[in-house]
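Open the structure in your viewer and keep the selection tool at hand. This tour goes stop by stop.

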There are 2 protein chains.
Amino acid sequence: LTGFGLDHLPFGVFAPRGEEPRIGVRYEDGVLDLAAAGLGDVFRASTLNAFLAQGRSAWEEARDGARRLLERGGAELVPIASAEVSLPVAVADYVDFNSSLEHATNTGRIFRPGDPPLLPNWRWLPVAYHGRAGTVVVSGTPVRRPSGQWREPGAAEPVFAPTRRLDIELELAAVVGLGSERGRRVASGAFRDHVFGVVLLNDWSARDVQAWESRPLGPFLAKSFATSIAAWVTPLAALEPYHVQGPSQEPPALDHLRVDEPWALDLELEIELNGAVVSRPHARGLYWTMPQQLAHATSNGAGLATGDLLATGTISGFEPDRRGSLLELSWNGAEPLELPDGSRRTFLEDGDEVVLRGRTPDGRVELAEVRGRVEPRA
Amino acid sequence: LTGFGLDHLPFGVFAPRGEEPRIGVRYEDGVLDLAAAGLGDVFRASTLNAFLAQGRSAWEEARDGARRLLERGGAELVPIASAEVSLPVAVADYVDFNSSLEHATNTGRIFRPGDPPLLPNWRWLPVAYHGRAGTVVVSGTPVRRPSGQWREPGAAEPVFAPTRRLDIELELAAVVGLGSERGRRVASGAFRDHVFGVVLLNDWSARDVQAWESRPLGPFLAKSFATSIAAWVTPLAALEPYHVQGPSQEPPALDHLRVDEPWALDLELEIELNGAVVSRPHARGLYWTMPQQLAHATSNGAGLATGDLLATGTISGFEPDRRGSLLELSWNGAEPLELPDGSRRTFLEDGDEVVLRGRTPDGRVELAEVRGRVEPRA
């Protein structure tokens with residue numbers, strides 16, 4: 001089982017060497033060129049957006065069409081090694097939630113020791129903010145260490161310098177296909193009509209900058225330099241067999257955030273740092289589910305647009321080896337990680353390479369990886 | 001003087017009744033159709049974006065071309081009354097700063113009584129967050145009262161209901177024309193190369209929702225339901241004669257935020273509520289200038305994109321009649337405004353109409369208005 005068989009069929013944008021980008025479906029070690037295979041001219045495009053805007057029946061038709069061609073055999077595939085991928089979606093708005101009870105608790109303990117770790121609103125709504133859509137990049141794009149402003153504890157004045165606390169956040173993100181009209185709420189039950197699929201996402205973060213800049217309006221430059229997503233979008237349909245019951249919510253969600261069917265995703269995730277797996281979070285434990293995130297984001301009548309990303313926020317478990325960020329894994333630098341090569345890490349060093357991975361427990365669906373290497377400040 | 005003469009020439013998108021949208025320049029009570037006038041096919045478009053992406057020399061050439069045609073006389077103009085305007089720019093990312101010392105001080109006093117009103121970071125950097133680009137609307141678009149979640153003081157549980165504290169924020173926004181490469185800072189001195197012009201902006205806000213949701217990641221649904229901008233973008237070039245020295249900055253800005261020339265804009269602003277002017281803020285007093293905002297937003301290497309909006313945040317003066325939001329004008333509801341019709345307001349009621357205006361002291365440049373009426377929750 002490779003995780004890229006007929007049960008998966010993720011969509012992305014690729015260019016065979018020297019040719020124009022077009023839309024393909026990844027199958028095993030190859031890519032099916034959908035327009036060339038006769039599945040429609042909407043696939044002769046450099047992003048998925050026009051296809052995504054067609055809605056759910058078009059998504060199902062395309063997936064079925066690709067599956068039939070691949071089952072029949074004989075379809076010509078572009079070897080994945082010679083297909084240069086690009087950002088699959090022109091990102092409209094990027095919303096990042098804070099849906100993991102364990103992550104929220106860990107960060108509360110780290111940043112507000114002595115106070116209750118969860119803020120009063122946390123169990124009532126999936127807290128979120130808007131990130132920068134224009135700096136979302138595809139897996140494989142190098143990430144240059146950002147400079148920023150922060151003040152060391154006890155210092156009188158801040159400095160402007162390359163961040164010393166460059167971090168990652170392991171997340172999943174829902175990719176919105178069908179938009180919605182401004183002024184109308186989208187119920188959680190309409191999730192499958194609006195969301196095409198999911199990707200792994202790395203929300204790179206500069207923790208020193210974040211601590212200094214975030215009051216009172218939240219994170220800005222600490223996050224806006226780069227956010228990496230996978231090159232291949234896993235259709236929701238491929239994950240239907242992997243819905244499980246998530247943690248029970250106490251207090252129960254208010255009516256507009258209620259979801260009746262199980263919507264936790266049974267996905268085993270991994271953070272690899274310089275070739276070593278340093279954490280194994282699990283998506284199943286996320287407190288707030290993606291349909292609740294969608295219902296919340298539109299509960300004020302905000303319209304959705306094709307290409308919106310709704311990310312879960314860092315996915316952490318309570319066990320030390322299931323935390324989704326270096327902030328938590330090193331407990332804000334106090335407990336360095338030991339890597340197999342004998343080196344230690346609190347936050348990322350120049351040249352470090354991070355890979356995020358995820359798969360269903362049976363291995364039938366392997367989420368496309370998110371890879372990124374840290375480049376030094378020029 | 002109408003404020004829309006040859007010294008101004010703002011750009012926007014309009015459609016004569018029943019025809020396709022195209023780009024025009026507003027002149028007095030008419031609109032010059034730029035493509036029809038022979039100034040280029042880039043103006044045969046439903047947004048300014050492609051034109052803006054051409055950069056500064058193209059902007060100057062277009063403005064000069066329009067001025068020459070209008071000076072010569074005889075150019076056919078579409079009457080403004082029969083020109084239906086639409087959103088001038090496809091908004092990429094929308095960043096909202098918090099640049100007014102007076103607004104930051106007022107909100108600090110209101111929300112953190114007893115504490116120093118300014119947070120430690122405020123004088124060191126222009127605090128900002130990303131707003132929702134997809135819900136930016138053009139002046140004239142009705143705004144439906146959003147529902148949201150909040151908890152009344154002392155209550156055990158939150159409610160989900162139409163906001164009771166619907167507010168406005170008077171702001172200016174810079175419209176980015178030329179993008180920048182990811183990984184490179186844009187110095188404040190390059191402001192004129194990247195920013196095409198400015199618009200008035202109303203950052204509608206639900207204060208009850210904002211108070212409940214904003215920790216720790218900042219405002220989200222309290223702002224994301226609608227943001228209104230003017231239909232006509234005033235080119236920076238039209239405001240060159242109105243640069244004045246802003247407030248001195250103490251402590252001095254760090255090197256990467258330093259600006260040597262005067263960049264405060266001498267613009268008299270107005271908030272009109274149901275036909276009565278309720279506030280007269282002045283843009284001249286803004287602590288952080290637009291070039292500083294731009295330098296800050298890119299100081300971590302975040303790229304700019306054509307269509308980015310960089311908004312100032314609420315523009316307030318200390319005098320009670322120069323505050324830029326109802327939150328401040330009514331001091332969080334404690335001091336209702338008396339309107340000329342005998343009614344009182346703390347926050348907005350259904351049916352209320354707000355108009356934002358602005359002009360240079362000599363009246364030669366009148367910023368296009370931002371108008372919006374509050375519709376009841378359906």
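Contact here means heavy atoms within 4.5 Å. Keep in mind that this is a predicted model.

**Stop 1: helix H7 of chain A**

Select residues 290-297 of chain A, which form helix H7. How many of the eight residues of H7(A) are buried? Eight of the eight are, and the helix is mostly covered. They are A:Met290, A:Pro291, A:Gln292, A:Gln293, A:Leu294, A:Ala295, A:His296 and A:Ala297. Now show what they pack against. On the strand side, pick E6, E13 (170-176), E14 (195-202), E19 (264-265) and E22 (309-311) of chain A. Then add helix H4 (191-194) of chain A, against which the buried residues of H7(A) also pack.

**Stop 2: helix H3 in each chain**

Move to residues 101-111 of chain A. Nine of the eleven residues of this helix, H3(A), are buried, so the rest of the structure largely encloses it. Among the buried ones are A:Leu101, A:His103, A:Asn106 and A:Ile110. Helix H8 (326-329) of chain A is part of what covers them.

Repeat the selection in chain B. H3(B) is mostly covered, with nine of its eleven residues buried. B:Glu102, B:Ala104 and B:Gly108 are among them. The buried residues of H3(B) pack against helix H8 (326-329) of chain B.

**Stop 3: where the chains meet**

Show both chains together. 59 residues of chain A are in contact with 59 residues of chain B. The two chains bury about 5,400 Å² between them, and 57% of that is on carbon and sulfur atoms.

How many salt bridges link chain A and chain B? The count is two. Select A:Asp308 and B:Arg132 to see a salt bridge between side chains, at 2.7 Å from N to O. There are also 24 residue pairs in polar contact between the chains, both residues being at pLDDT 80 or more.

Colour the elements of chain A that give two or more residues to the side touching chain B: strands E6 (94-97), E7 (128-131), E10 (147-150) and E11 (159-162), and helices H5 (207-213) and H7 (290-297). E7(A) gives the largest share, four residues. By type, this side of chain A divides into 29 nonpolar, 18 polar and twelve charged residues.

**Stop 4: the axis**

Superpose chain A on chain B. A turn of 180° with a shift of 0.0 Å along the axis does it, with an RMSD of 0.0 Å. That is the relation of a two-fold axis. The same surface serves both copies, as 100% of the contact residues of chain A recur in chain B.

Which residue of chain A comes closest to the rotation axis? Click on A:Gly218, whose C-alpha is at 2.1 Å. Then select A:Pro216, in the loop between H5 and strand E16 (227-229) of chain A. A:Pro216 counts as partly exposed, at 36% relative accessibility. Across in chain B, A:Pro216 touches B:Leu119, B:Val127 and B:Gly218.

**Stop 5: salt bridges in chain B**

A search of the whole structure finds 62 salt bridges over all chains. Here are three to look at.

Start with B:Asp167 and B:Arg207, whose closest N and O atoms are 2.8 Å apart. B:Asp167 lies in strand E12 and B:Arg207 in helix H5 of chain B, so the pair ties together parts that are 40 residues apart in sequence. B:Asp167 is buried, at 0% relative accessible area. B:Arg207 is buried too, at 5%.

Next, B:Arg280 and B:Glu270 meet in a salt bridge at 3.2 Å, N to O. B:Arg280 is partly exposed at 44%, whereas B:Glu270 is buried at 11%.

Then go to B:Glu152 and B:Arg164, with closest N and O atoms 3.8 Å apart. B:Glu152 is in the loop between strands E10 and E11, and B:Arg164 in the loop between E11 and E12, so the pair ties together parts twelve residues apart in sequence. Is B:Arg164 buried or exposed? B:Arg164 is exposed, at 59%.

**Last stop: helix H1 of chain B**

Select B:Asn49, found in helix H1 (49-52) of chain B. B:Asn49 counts as buried, at 14% relative accessibility. The side chain of B:Asn49 makes a polar contact with the side chain of B:Thr47, at 3.2 Å. Farther along the sequence, look for B:Val89, B:Ala90, B:Thr306 and B:Gly307, which B:Asn49 touches.

Technical notes. Residues are numbered from 1 along each chain as its sequence is written. Chains are lettered from A and ligands numbered from 1 in the order in which they are written. This is a predicted model: local features need pLDDT of at least 70, side-chain atom pairs count only at pLDDT 80 or more; totals for chains, interfaces and linings use all residues. Side-chain values use heavy atoms; hydrogens and water are left out. Buried means under 20% relative accessible area, exposed over 50%, partly exposed in between (1.4 Å probe, protein chains only). Buried area is the accessible area (1.4 Å probe) that two parts lose on being put together, summed over both. A salt bridge is a side-chain nitrogen of Lys or Arg within 4 Å of a carboxyl oxygen of Asp or Glu. A polar contact is a pair of N or O atoms within 3.5 Å; within protein, one must be able to donate a hydrogen and the other to accept it, and residues adjacent in sequence count only if both atoms are side-chain atoms. Ala, Val, Leu, Ile, Met, Phe, Trp, Tyr, Cys and Pro count as nonpolar, Asp, Glu, Lys and Arg as charged, and the others, Gly among them, as polar. Copies are superposed by least squares on the C-alpha atoms of residues with pLDDT of at least 70 in both. Lists of a residue's contacts leave out its neighbours within four places in sequence.
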